[in-house]
Amino acid sequence: METQRIYLIGAGIIARQHAATIRRFPRSEQVVLSVADPNKQALAVFTEQYPHAHAFEDAQTMLAEPALENDIVIVATPPVTHYELASAALATGRHVLCEKPLALDRAQARQMLATARTHGRVLGCCSVRFLHWPPAEAARRLLQEDVLGPLYHVRFLCVEQRNRPGIEYQPGTAWFLDRTKSGGGTLMDRAPYEFGVLNDLLKPTHIEVLSAWLANPITAGMSPASERDVEQHAGASLRYHLADGTTCMLTYERASGTHSEAQSCVEITGLKGSIRWIWPHGFISNTLTHTYDCNGRVESKTISFPRPDPEDLRFGEKPLYYFYQYLQHQPSSAIVNEQALFNFSCIRAIYDCALSEQPQTVVLGE
Ligand SMILES: NC(=O)c1ccc[n+]([C@@H]2O[C@H](COP(=O)([O-])OP(=O)(O)OC[C@H]3O[C@@H](n4cnc5c(N)ncnc54)[C@H](O)[C@@H]3O)[C@@H](O)[C@H]2O)c1
């Protein structure tokens with residue numbers, strides 16, 4: 001059995017969650033953990049919590065030793081650095097699990113995948129945290145059983161009034177509010193999870209973004225220009241092309257800061273019925289409602305799910321654990337390579353459509 005080495009680039013908030021996941025590994029005490037961060041304070045906080053970690057002030061020095069076949073590098077830094085750090089890590093011959101969003105734009109993401117291919121390595125994205133939420137799993141079963149008939153509309157709505165990254169959420173982290181560092185606002189931060197789940201359930205071969213909009217609602221305490229630099233409310237109308245050749249419209253709306261009413265709903269509607277559940281971000285509900293026709297009457301059935309077992313994989317543990325399973329050739333829900341590029345491109349296509357006012361197309365495996 002080869003030694004499992006994990007290299008963390010960045011020692012910030014999310015890096016500590018990844019380090020905690022190692023407890024899930026077989027022979028976890030033998031996993032060799034290294035971490036690199038030029039920020040001495042972040043590194044000190046990290047090593048206080050994980051004193052066995054080998055600490056470095058830069059990633060290049062950390063990755064200078066020869067690569068082993070199953071080495072994993074996790075890029076856990078702000079989005080502006082993902083392209084450069086992930087590309088350099090792949091070029092050392094290591095698999096890379098990159099934090100979401102994958103990159104700043106589609107060109108960077110495409111180039112990252114090309115570099116992974118050149119070096120025969122896997123590029124994964126951490127956008128898997130919301131996969132396998134019990135209502136979404138029930139939705140998957142009903143879709144597989146074709147209970148809803150041909151699908152024609154999906155609605156994704158998650159409107160939070162005040163949960164802006166860098167303001168209400170993690171207020172000390174300024175890069176969230178600077179487009180040059182984050183690439184954008186609520187879409188870049190939250191949509192990777194949402195399109196991760198939607199694309200996992202619907203499995204489109206390609207999508208079109210037909211129209212899209214971005215807004216930065218004005219609130220008190222927004223005086224620095226940087227706080228208005230990123231969108232906090234966005235929406236899009238998309239056409240999904242499904243594997244069976246049919247199409248389905250998807251209406252997407254997301255807010256982390258808005259004057260609209262707080263709402264959350266994922267709804268998939270077909271000619272024979274619909275299913276609806278609440279997106280588990282800022283809203284808590286563990287039910288799914290199935291609505292259908294019964295002799296001309298509207299019937300609804302609500303399924304409740306027990307709370308997850310404390311021993312279940314937690315949200316924050318999924319990215320590294322799924323990626324490890326994938327590399328071990330075990331069944332895995334990791335989002336890697338073409339799928340990671342496709343999911344990210346769906347989100348960037350919303351920006352491209354909103355800014356150019358032109359429809360955009362994204363093809364899986366393009
Ligand atoms: N904070 C969250 O709740 C959360 C959740 C999921 C995903 N993420 C994602 O994780 C990534 C990091 O977010 P965070 O909240 O941990 O940020 P953070 O600011 O807490 O930590 C980022 C760390 O990266 C370090 N860094 C910057 N450039 C570096 C470089 N070249 N080499 C090494 N280290 C470098 C910084 O010094 C900092 O310590 C982002 O992509 C974010 O979207 C964050």
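This text goes through the ligand site of a predicted model and then turns to two backbone features.

The ligand sits in the largest pocket. Two domains meet the ligand there: domain 1 (5-125) and domain 2 (134-363) both give residues to the shell around the ligand, so the ligand lies between them. The shell counts 25 residues, of which Ile-14, Asp-37, Lys-100, Tyr-169 and Gln-170 come nearest. By residue class, 13 members of the shell are nonpolar, eight are polar and four are charged. Among the secondary structure elements that contribute, helix H1 (13-21) and helix H4 (82-91) each supply at least two residues of the shell.

Oxygen atoms of the ligand have polar partners in the protein, some from the backbone and one from a side chain. A backbone N or O atom of Lys-100 lies 2.9 Å from a ligand oxygen. For Ile-13, the atom is again a backbone N or O, and its distance to an oxygen atom of the ligand is 3.2 Å. His-82 takes part through its side chain, with a polar atom 3.3 Å from an oxygen atom of the ligand. On its own, the ligand has 820 Å² of accessible area, and the protein covers 84% of that.

Lys-100 also belongs to the first of the backbone features. The peptide bond that joins Lys-100 and Pro-101 is cis, with omega of about -15°. Pro-101 is placed in the loop between strand E5 (95-98) and helix H5 (106-118). Thus one residue, Lys-100, is among those that come nearest to the ligand, offers a backbone atom at 2.9 Å from a ligand oxygen, and precedes a proline across a cis bond.

The second feature is at Arg-27, where phi is positive, about 50°, although the residue is not a glycine. Arg-27 is found in the loop between H1 and strand E2 (32-36). H1 is also one of the helices that supply at least two residues of the shell around the ligand. Both features stand out because most residues other than glycine have a negative phi, and most peptide bonds are trans.

How values were computed: Residues are numbered from 1 along each chain as its sequence is written. This is a predicted model: local features need pLDDT of at least 70, side-chain atom pairs count only at pLDDT 80 or more; totals for chains, interfaces and linings use all residues. Side-chain values use heavy atoms; hydrogens and water are left out. A residue is near a molecule or strand if one of its heavy atoms lies within 4 Å of it. A polar contact is a pair of N or O atoms within 3.5 Å; within protein, one must be able to donate a hydrogen and the other to accept it, and residues adjacent in sequence count only if both atoms are side-chain atoms. Accessible areas come from the Shrake-Rupley method with a 1.4 Å probe; for residues, only the protein chains shown count as cover. On a 1 Å grid over the protein atoms alone, a cavity is a set of points where a 1.4 Å probe fits but cannot get out, and a pocket is an open set with protein on both sides within 12 Å along at least five of seven lines; lining residues have an atom within 4 Å of a point. A molecule sits in a cavity or pocket if more than half of its atoms lie within 2 Å of its grid points. Helices (H or I, at least four residues) and strands (E, at least two) are DSSP runs, numbered from the N terminus. Ala, Val, Leu, Ile, Met, Phe, Trp, Tyr, Cys and Pro count as nonpolar, Asp, Glu, Lys and Arg as charged, and the others, Gly among them, as polar. Domain bounds come from an automatic or database domain assignment.
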